[in-house]
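Student: I have a protein model open and would like to learn how to read it. Where do we begin?

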Amino acid sequence: MVSAGDFKNGLTVEIEGNIYQILDFQHVKPGKGAAFVRTKLKNIINGGVVEKTFRPTEKFETAHIDRKDMQYLYNDGDLYNFMDMETFDQLAVNADVVGDSLKFVKENETVKVISHQGNVFAIEPPITVELRVIETEPGVKGDTATGATKPATVETGAQIMVPLFVNQDDVLKIDTRSGEYLSRV
């Protein structure tokens, strides 16, 4: 149990049956009346952000979030299959839980599977990945306007915007959080 007066950024708590992560908090002591804690909370299951206020003495159950490294094996229709690297147990996760988080991840790559009480609610890909370009328009010599980009399709099927000098079969480093091209490898 943790009281609202002891909140810290990043702490996960259970409030009204939902799991929230504290993004921001502020102890407020108005000149008149009792002190309170103003918080900005992110629902870790659906991603929604809410603002709530609490009395500093209110107590909440801390929620334990498991982050486990697992290997992404393959996708068969609506199920994405992962393997625990230590026990070799396999886990199938529904496509609606995975969403777009694996669009830059190849099979056999390591990802973080995030769960609460055994229920998987998110997949966290590595921050950067290296992928080969399978299709892009050829760069035209002399067409070097500053910051100009063109679309390219990488080996996972995702499309990103790349500088004009990138060619087919180049290997690129990509930031999975924003989908941005970082550099050629």
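Tutor: With strands. Helices (H or I, at least four residues) and strands (E, at least two) are DSSP runs, numbered from the N terminus. Two strands pair if DSSP finds at least two bridges between them. In this model, T149 stands opposite P163 in β14. The model is predicted: local features need pLDDT of at least 70, side-chain atom pairs count only at pLDDT 80 or more, and totals for chains, interfaces and linings use all residues. Residues are numbered from 1 along each chain as its sequence is written, and side-chain values use heavy atoms, with hydrogens and water left out.

Student: How many bridges join β13 to β14?

Tutor: Strands of a sheet pair through backbone hydrogen bonds, either parallel or antiparallel. Here, five bridges join β13 to β14 (residues 159-163), and the two run antiparallel. Their hairpin has four residues between the strands. Within that hairpin, G157 takes a positive phi near 95 degrees.

Student: Which strand is joined to β13 by three bridges?

Tutor: That is β12 (residues 128-136), antiparallel to β13 (residues 149-154). E135 has T153 in β13 as its bridge partner.

Student: What is the strand order in the open sheet of six strands?

Tutor: Read across it: β1-β6-β2-β3-β4-β5, with antiparallel pairing. β1 (2-3) and β5 (49-54) stand at the edges with a single partner strand each, so one side of each has no neighbour in the sheet. Inside the order, β2 (residues 12-15) and β3 (residues 18-28) are joined by four bridges. One pair to find is E14 and its bridge partner I19 in β3.

Student: Now single residues. Is K59 buried or exposed?

Tutor: Buried means under 20% relative accessible area, exposed over 50%, and partly exposed in between (1.4 Å probe, protein chains only). K59 has 55% relative accessibility, so K59 counts as exposed. K59 belongs to β6 (residues 59-62). Contact means heavy atoms within 4.5 Å. Not counting residues up to four places away in sequence, K59 touches M1, V2 and S3. K59 and G179 are 120 residues apart in sequence and 40 Å apart in space, C-alpha to C-alpha.

Student: And S115: buried or exposed?

Tutor: S115 is at 12% relative accessibility, so S115 counts as buried. Look for S115 in β10 (residues 110-116). Leaving aside neighbours within four places in sequence, S115 is in contact with H64, I65, D66, V120 and F121.

Student: Does UniProt have a record here, and which residues does it list for the central domain?

Tutor: An unreviewed UniProt entry lists residues 67-121 as "domain: Translation elongation factor P/YeiP central". UniProt positions are given in the numbering used here, feature names are shortened, and annotations may be inferred rather than shown by experiment. Over residues 67-121 the chain is 7% helix and 56% strand. The end C-alpha atoms of that stretch are 11 Å apart.

Student: Last topic: pockets. Which residues lie closest to the centre of the largest pocket?

Tutor: Rolling a probe the size of a water molecule over the atoms shows where empty space is left. On a 1 Å grid over the protein atoms alone, a pocket is an open set of points where a 1.4 Å probe fits, with protein on both sides within 12 Å along at least five of seven lines; lining residues have an atom within 4 Å of a point. Of the 16 lining residues, K42, I44, I114, F121 and A122 are closest to the centre of the largest pocket. β11 gives the most to this lining, with four residues.
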